[in-house]
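Dear colleague,

I am handing over the structure we spoke about, and I would be grateful if you could read the notes below with the coordinates open beside them.

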Amino acid sequence: MAQERIFGTGSRREEEPDAPAPATPPTSGAAQAQRDTQGTDDLLAEIDGVLETNAEAFVKGFVQKGGQ
Amino acid sequence: MEQRIYGIETEFGLTHSAPQGRGLGADETARRLFAPVLAWGRASNVFLPNGGRLYLDVGSHPEYATAEAATLRDVVAQDVAGERIVDGLREQLQETFDAEGVGGTVHLFKNNVDSAGNSFGSHENYMIARRTEFSRLVQHLLPFLVTRQVLVGAGRVHPTGPPAFGAFTPGDGAASYSFSQRADHIWEGSSSATTRSRPMINTRDEPHADAEHYRRLHVITGDSSMSQTTTALKIGTTDVLLRMIEAGQILPDRTLADPASALRQVSHDLTGTAVLELANGGRRSALDLQHEYLEAVTRFVQRHGAHHEHMDWLLELWERGLRAVEQQDFTLVDRELDWAIKKKLLDSYAAAHGMHYSHPRMVQLDLAYHDTSPSHGLFHMLERRGAVDSFITPEDAQHAREHAPATRASIRGRFVAATHDAGVNSTVDWVHLKLNGEHRQRMVMCKDPFATTQPDAEAMIEEVLAGRA
């Protein structure tokens, strides 16, 4: 039972339509490290693609009341 | 204790960002977020078929409390499942806003601070033996909690350096990075209050179990963890230390002279070498104290055996985490520990853009690391790219959204699912299951948190399933 069935909103998939594939399971550290390095530029570009442009306004807009 | 119940309560941050207009306030956003929960359970405080609890807490924080777990794997799975469930609500609200033309983006954060300096928590619960003297337990646990942030802190950017606090003198206002998010917001060692003056250990004694044998240790000093391996290390190290204390192991007195100041000192010192004053006049660094605990635990495990399958993994990561700080080689743990994973990301971004930690973008990245969205959250972006390690499989996490761990929670979960599907009015808390029938009420108490079945509860669930309730 997916979470949508828990809260009853029909048959919509749980991921966003453009959501990426689920996390890959862990593999060897060395292989990952290499892929990691090669992917840094790509990663930074992806980050810039999702961040809101006005960093200051975005951060300032996040105000909660205190919790516990 | 050889077997223990664990649970994690997470208060999430929530914001509606509308760059082109005015975002909705936190209260309104939280109210809208919980509309599907209200429709499902006729309340904004519900127990779920996986045994967990979802509610709106103090200050309009969505909060998720995991079901009782008896293994590290289960507590991590339930914690991840909780994040996915609340993020599912975030996603539903986004779709509603899009459909209504409200616009903007709803963000949910699994972090511990907002931009105005408000803090909200991650609370760990450990069931402990009633026979263990509580003051002795707290005495040995506090120095551990103060210093464990060098391993399990979530990391935080301070664009104008560490804030001032009492005897703790901040730097020159230069931007900095700390191990912990929560350290700057804890005020005392142990107390029964939580919001007025924040302690590290809450002494409120609500066992939610047989009070003759158990009590509940409520640790509220920790940071919320994005990384599954950080969660496992946080719970696992605390558990094994408790096991040693409960076994009556003699430990040296490392009571800190000023725990609240020490917490800040440790958090803002990435070298782990800042000298902390002990109450008995001694002096130790965070690394000294952590090494003492690690060595004592390692000897204890050698003598008494491992009480679960992850002990070798746990001790290895504990040692490696301390070595990373000691040698200032953070690459040793930048796939496993939140503060190091985040710092690596920030440093890469800063280097590529010629930025300093004082840049507003760095604070935004810090926040975005904790964004629970699979597509926008930076931790999840790294996870997708295989740049961080996991502790459970995606299947484990999916399973935990629907199923309770093998504890008392499985009775509760089945009762909740059955009554909901049958449309039967019921009331549930951590211990009680109650049918609110028209003609008669029935209530069952589940006092043993390890029991996965209980005859009177099973009979009641059967009744509901058979349509006789």
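In which strand of chain B is the place of B:D57? In this model, which is a predicted one, B:D57 sits in strand β4 of chain B, a stretch that covers residues 53-57. I began there since the unreviewed UniProt entry carries the annotation "active site" for B:D57. Its relative accessibility comes to 15%, and because the limit for buried is under 20%, B:D57 counts as buried.

The same kind of record supplies a second annotation, "binding site", again from an unreviewed entry, and it covers B:E9, B:Y55 and B:E63. Although these residues span 55 residues in sequence, no two of their C-alpha atoms are more than 10.7 Å apart, so they gather at one spot.

Taking two of them in turn, B:E9 is found in strand β1 (residues 6-11) of chain B, and with a relative accessible area of 13% it is buried. If residues up to four places away in sequence are not counted, B:E9 touches, among others, B:Y55 and B:E63, together with B:H123, B:R216 and B:H218. B:E63, for its part, lies in strand β5 (residues 61-65) of chain B and is likewise buried, at 3% relative accessibility. Leaving aside neighbours within four places in sequence, the contacts of B:E63 include B:E9, B:R53 and B:Y55, and also B:D57, the residue that the record annotates as "active site".

Elsewhere in the strands of chain B, β2 (residues 13-17) is joined to β6 by 5 bridges, and the two run antiparallel; within this pairing, B:S17 stands opposite B:T105 in β6(B). Of the 5 residues of β6(B), which covers residues 105-109, 4 are buried, so this strand is largely enclosed by the rest of the structure.

Finally, there is a helix pair that you may wish to look at. Helix α6 (residues 228-246) and helix α9 (residues 311-326), both of chain B, pack at an angle of about 100 degrees, with their axes 10 Å apart, and α6(B) and α9(B) are therefore roughly perpendicular to each other. By class, their contact has 8 nonpolar and 3 polar residues, with no charged residues. On the α6(B) side the residues that meet α9(B) include B:L233, B:G236 and B:V240, while those on the α9(B) side include B:W313, B:L317 and B:W318.

With best regards

Definitions and conventions: Residues numbered from 1 in each chain as written. Chains lettered and ligands numbered in written order. Predicted model: local features only at pLDDT ≥ 70, side-chain atom pairs only at ≥ 80, totals over all residues. Heavy atoms only, no water. UniProt positions renumbered as here; feature names shortened; annotations may be inferred. Helix = DSSP H or I, 4+ residues; strand = E, 2+ residues; numbered from the N terminus. Buried < 20%, exposed > 50% of the residue type's maximum accessible area, 1.4 Å probe, protein only. Axes fitted to C-alpha atoms, helices over the stretch in contact; angles between N-to-C directions. Parallel < 35°, antiparallel > 145°, perpendicular 65-115°, else oblique. Contact = heavy atoms within 4.5 Å. Nonpolar A, V, L, I, M, F, W, Y, C, P; charged D, E, K, R; others polar. Pairing = 2+ DSSP bridges.
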